[in-house]
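Biologist: I have the sequence and the model open side by side, and I would like a close look at one spot where a side chain meets the backbone. Please start there and then show me how the surroundings fit in.

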Amino acid sequence: MQFFISPKKARKFLIFAVIGFIFASLASQLTRHFLYQQGYKLLWLNKVVELFNVDREKNFPALFSASLLLLCAILLAVITYAKKTESDRYTFHWGVLSVLFLFLSADEWLSFHEKTIEPLRDTFKATGFLYYTWVIFGIAFVFLKCLSKINYIFGSDFF
């Protein structure tokens with residue numbers, strides 16, 4: 001089975017979607033700000049602002065982002081299957097990437113990393129750059145992931 005997705009059309013869709021979310025977020029926040037200055041306090045407007053605020057979780061922009069990450073996970077799973085049928089030596093690596101993107105998608109929607117910030121901050125007494133303590137684990141994870149991919153990136157003769 002083959003299907004074709006035009007990269008140009010996909011790029012246009014993604015650009016317009018991102019611009020649309022930014023515009024909706026900015027417009028809703030500005031509207032709320034100016035209406036509040038005029039003395040209007042509309043509860044429904046707060047709900048609209050939260051639905052489109054790109055700096056919040058569990059709203060339309062977060063769902064869009066989580067959906068894109070999930071799509072990446074699915075595409076990586078398809079690649080993993082194709083590599084497995086070819087007996088490719090990097091099949092496992094593609095599978096790990098698929099699971100990683102699945103986790104990133106779930107984290108984007110369910111905010112796992114943000115639930116760890118307060119307990120870890122209290123435990124490590126974190127300040128400054130490490131105030132958002134999930135960064136510690138993020139840096140360690142990226143380092144280990146890069147280390148595990150050196151042979152894949154540079155070829156099997158590197159190490």
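Modeller: Happy to. Let's begin with Thr80, where a polar atom of the side chain lies 3.1 Å from the backbone nitrogen of Gly95. Please keep in mind throughout that this is a predicted model. Thr80 itself belongs to helix H3, an element that spans residues 60-85. Is Thr80 buried or exposed? Its relative accessible area is 15%, and because the cut-off for buried is under 20%, Thr80 falls on the buried side. Gly95 also appears when you list what Thr80 touches: setting aside neighbours within four places in sequence, the contacts of Thr80 are Thr91, Trp94, Gly95 and Ser98.

Now travel back along helix H3 to where it begins. Just before it sits Asn59, in the loop that joins helix H2 (43-52) to helix H3 (60-85). Asn59 is another buried residue, because its relative accessibility is 3%. Here, too, a side chain meets the backbone: a polar atom of the Asn59 side chain is 2.7 Å from the backbone oxygen of Asn53. So you can compare the two spots on screen, note that the backbone partner is a nitrogen for Thr80 and an oxygen for Asn59.

What else does Asn59 touch, leaving aside its neighbours within four places in sequence? The list is Glu50, Leu51, Phe52, Asn53 and Trp109. Trp109 is worth finding in your viewer: Asn59 and Trp109 are 50 residues apart in sequence, and their C-alpha atoms are 8.7 Å apart in space.

Two of the residues in contact with Asn59 lead on to other pairings. Take Glu50: its side chain meets that of Arg56 in a salt bridge, with 3.4 Å from N to O. In general, side chains of opposite charge can pair when their charged atoms come close. Both partners are partly exposed, as Arg56 has a relative accessible area of 40% and Glu50 one of 32%.

Searching the whole structure turns up two salt bridges. Besides the pair of Arg56 and Glu50, there is one between Glu118 and Arg121, whose closest N and O atoms are 3.0 Å apart. Glu118 and Arg121 both sit in helix H6 (residues 117-124), and because they are three residues apart there, about one helical turn separates them. In this bridge the two ends differ in exposure: Glu118 is partly exposed at 46%, whereas Arg121 counts as buried at 11%.

Phe52 is the other contact of Asn59 to follow. A pair of aromatic rings is described by the distance of the centres and the angle of the planes. The whole structure holds five aromatic pairs. One of them joins Phe52 and Phe60: the ring centres are 5.3 Å apart and the planes stand at 45°, so this pair is tilted. Phe52 counts as partly exposed at 24% relative accessibility, and Phe60 is partly exposed as well, with 38%. Elsewhere, Phe13, Phe21 and Phe64 are linked into a cluster by ring pairs.

Finally, let's step back to the chain as a whole. It has eight helices and zero strands, so the order of elements from the N terminus reads α-α-α-α-α-α-α-α. How spread out is the chain? Its radius of gyration is 21 Å, well over the 15 Å that the globule rule gives for 159 residues, so the chain is more spread out than a compact globule. The C-alpha atoms fill a box of roughly 70 × 50 × 20 Å along the principal axes. Among the 159 residues, 21% count as buried, and you have now met three of them in Thr80, Asn59 and Arg121. The chain exposes about 12100 Å², with carbon and sulfur atoms supplying 72% of that area. And of the contacts with a separation of 6 or more, 46% are between residues 24 or more positions apart.

Notes: Residues numbered from 1 in each chain as written. Predicted model: local features only at pLDDT ≥ 70, side-chain atom pairs only at ≥ 80, totals over all residues. Heavy atoms only, no water. Helix = DSSP H or I, 4+ residues; strand = E, 2+ residues; numbered from the N terminus. Buried < 20%, exposed > 50% of the residue type's maximum accessible area, 1.4 Å probe, protein only. Polar contact = N/O pair within 3.5 Å; in protein donor to acceptor, adjacent residues only side chain to side chain. Contact = heavy atoms within 4.5 Å. Salt bridge = Lys/Arg side-chain N within 4 Å of Asp/Glu carboxyl O. Rg over C-alpha atoms; globule rule 2.2 N^0.38 Å. Areas by Shrake-Rupley, 256 points an atom, 1.4 Å probe, with all protein chains shown as cover. Phe/Tyr/Trp six-rings, centres within 6.5 Å; stacked < 30°, edge-to-face > 60°.
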